[in-house]
Amino acid sequence: MLPVLQWAQEHGEVGGVRTSHAQLTAILRAEGVQVDYVDTGSARRAAAMLPRLRHRAMHLLHLTRLWRAMLLAPLFALLRGRTVLVLHSGSTSGQVARMPWWRRRLLVLALYAYDEIWAVNDEIGAILPEALRARVTVVTPFDSSAAPVPSAIEREPHALALATNAGLAHYNADVGVEVTRRVRERWPDATLTVLAYGNDTPEVEALRRTATSEPWLTVEFDASPAEVSAVLARVGTFLRPTSWDGDSVIVREAQAAGATVVASDTAPRPQGVVLAPLDASSLAAAVVDGGVVSDGNGLAQTTLADAVRAAGRAAGHAPGRAAGHAPGRG
C-alpha cells in the first residue's frame, strides 16, 4: 500500500475530526502502513514535510469547510499518488446553498483535483455531476476497533452529557440545559455535564455562569480524550440536540461506551439512537420514557480504514491518473 499522508491539524485541533484521523493513524500503523502528517495548523510544520511531497503517497485532506478544499485544489492536482478529500461536516448542503452560482461552479471544477471524495453523508454527491458523483464514498468517521476501552467507572443512570463546539448555536447546548431541567422534574438527581471545546467563547462563558446557579450543571472545557471517555462511561444518557449533523464521532463513541444516546431527529443517526423532535419537552420525554429508535438508515458502515484499504487496492490496479485529471501525476 502507498504511504499515507494525512493533511490535518495534528496539533491543537479539537473535536471529532482529530479523533477520527487519530484513530485512522493508529489502525494503519498497526497494520504496518507508513503514516505521516502534513500539519495544516502550522505553516512551519507543514513546510518540514515538503521533501515528502516528491514521492507517491495517498494524500488524505481532512476538512469541514468546502472553501478550503477549493483553496487547496491546485496543490492537490499536482501531488503524486492518490488524493482524497475527506469531508467531516454535516453542513455540506448548507455551505453549498450559501454560495453564489459562480462559486458553486468553481467548487465543482475544484473537486476534479481529488481522485476520491469521502463524506459523512451524501449531500455533496447530490449536487455533483455524474463524473464527480462516482468519486464519492459515504463513510463513518468513527472506528470502533480504535475506540477507547470503556472505563470501569460506575454508571450513573440519571447523569446526562452533551458536547458543544465553542457553544455554537446549532449544537443547542441551551436546549440541553432546559431538557435537564425538565428531566429533573421526574428524576430529581439528574445532572448534566457539558463538554465544551474549540474556542472559549462568550457562549461558553454564559454556560459557566448558568452552572454557578445550577449545582447539577458542570461545564468542562477542552477535556482530554481520556476525560471525555470517562464522562461517556459514567453518564446514562448522551444528548445530541443538534439542528443539523453529520455522522458524529461523539455519538458513536458514546454508544460504544454504553451510554444511551437521545438525539434530535434533524439528521440521520446511528442505529440504536433514540430520536425526538428538537424541543426540550420532547427530548426530555425521550430521556425518561424512551421513544422511536433509529435504524441507522442514511449512514454508512464503511470506516475510513476500510476506504483507505479500498483506495490502496484501486491505486495498485490503476497505474495512470483517474478520469478527468491531467496525465502524468501518478
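This briefing walks through the sheets, helices, surface and salt bridges of the structure above. Please keep in mind that the model is predicted. Two open sheets give a handy way in: one has six strands with parallel pairing, and another has seven strands with mixed pairing. Around them we will look at some helices, a nonpolar surface patch made of W101, W102, L106 and L109, and a few of the 16 salt bridges that the structure holds.

**The six-stranded sheet**

- The strands of this open sheet follow the order β2-β1-β3-β4-β5-β6, and their pairing is parallel.
- Strands β2 (35–39) and β6 (136–138) each have a single partner strand, so they stand at the edges with one side lacking a neighbour in the sheet.
- From one strand to the next, the twist averages 25 degrees.
- Strand β1 (residues 4–8) runs parallel to β2, and five bridges join the two; W7 is found opposite V38 in β2.
- Strands β3 and β4 also run parallel, joined by seven bridges, with H59 opposite T83 in β4.
- Seven of the seven residues of β4 are buried, so this strand is largely enclosed by the rest of the structure.
- Helix α3 (residues 66–76) lies across β1, β3 (57–63) and β4 (81–87), and its direction makes an angle of about 155 degrees with β3.

**The seven-stranded sheet**

- Here the order is β9-β8-β7-β10-β11-β12-β13, in an open sheet with mixed pairing.
- The edges belong to β9 (217–221) and β13 (292–293); each has a single partner strand, so one side of each has no neighbour in the sheet.
- Within this sheet, β10 (residues 235–240) pairs with β11 (residues 260–264) in the parallel sense over four bridges, and T237 faces T260 of β11.
- Helix α12 (residues 280–289) lies across β7 (156–165), β10, β11 and β12 (274–276), running at about 160 degrees to β11.

**Helices α10 and α11**

- Helix α10 (residues 225–234) has V228, S229, V231, L232, A233 and R234 as its buried residues.
- Those buried residues of α10 pack against several elements, namely β7, β8 (191–197), β9, β10 and α11 (249–256).
- Helix α11 is mostly covered, with six of its eight residues buried: V249, I250, V251, R252, E253 and A254.
- The cover over the buried residues of α11 includes α1 (16–30), β7, α10, β10 and β11.

**Two positive phi values in one loop**

- A166, although not a glycine, has a positive phi of about 60 degrees; this residue sits in the loop between β7 and α8 (173–186).
- With a relative accessibility of 6%, A166 counts as buried.
- N172 likewise lies in the loop between β7 and α8, and its phi is near 55 degrees, again positive in a residue other than glycine.
- N172 counts as buried at 12% relative accessibility, because the cut-off for buried is under 20%.

**A nonpolar surface patch**

- W101, W102, L106 and L109 make up a nonpolar patch on the surface, and together they have about 480 Å² of accessible area.
- L106 belongs to helix α5 (residues 101–111) and counts as partly exposed at 43% relative accessibility.
- L109 is also in helix α5, where its relative accessibility of 55% makes it exposed.
- L109 and F142 are 33 residues apart along the chain, and 30 Å separates their C-alpha atoms.

**Salt bridges**

- The structure holds 16 salt bridges, including one between D36 and R52 whose closest N and O atoms are 2.5 Å apart.
- This pair links distant parts of the chain, since D36 is in strand β2 and R52, 16 residues apart from it, is in the loop between α2 (43–47) and β3.
- D36 is partly exposed, with 22% relative accessible area.
- E178 and R182 form another salt bridge, with the closest N and O atoms 3.2 Å apart; both residues lie in helix α8, four residues apart, or about one turn of the helix.
- Residues three or four places apart in an α-helix point the same way, because there are 3.6 residues a turn.
- E178 is partly exposed at 28%, and R182 is partly exposed at 34%.
- A network of salt bridges links E178, R181, R182 and E214.
- D200 and R208 meet through their side chains in a salt bridge of 3.0 Å, N to O; D200 is partly exposed at 45% relative accessibility, and R208 is partly exposed at 25%.

Conventions: Residues numbered from 1 in each chain as written. Predicted model: local features only at pLDDT ≥ 70, side-chain atom pairs only at ≥ 80, totals over all residues. Heavy atoms only, no water. Pairing = 2+ DSSP bridges. Contact = heavy atoms within 4.5 Å. Axes fitted to C-alpha atoms, helices over the stretch in contact; angles between N-to-C directions. Patch = residues over 30% accessible without salt bridge, like charges linked within 9 Å, V, L, I, M, F, W, Y side chains within 5 Å. Areas by Shrake-Rupley, 256 points an atom, 1.4 Å probe, with all protein chains shown as cover. Salt bridge = Lys/Arg side-chain N within 4 Å of Asp/Glu carboxyl O. Buried < 20%, exposed > 50% of the residue type's maximum accessible area, 1.4 Å probe, protein only.
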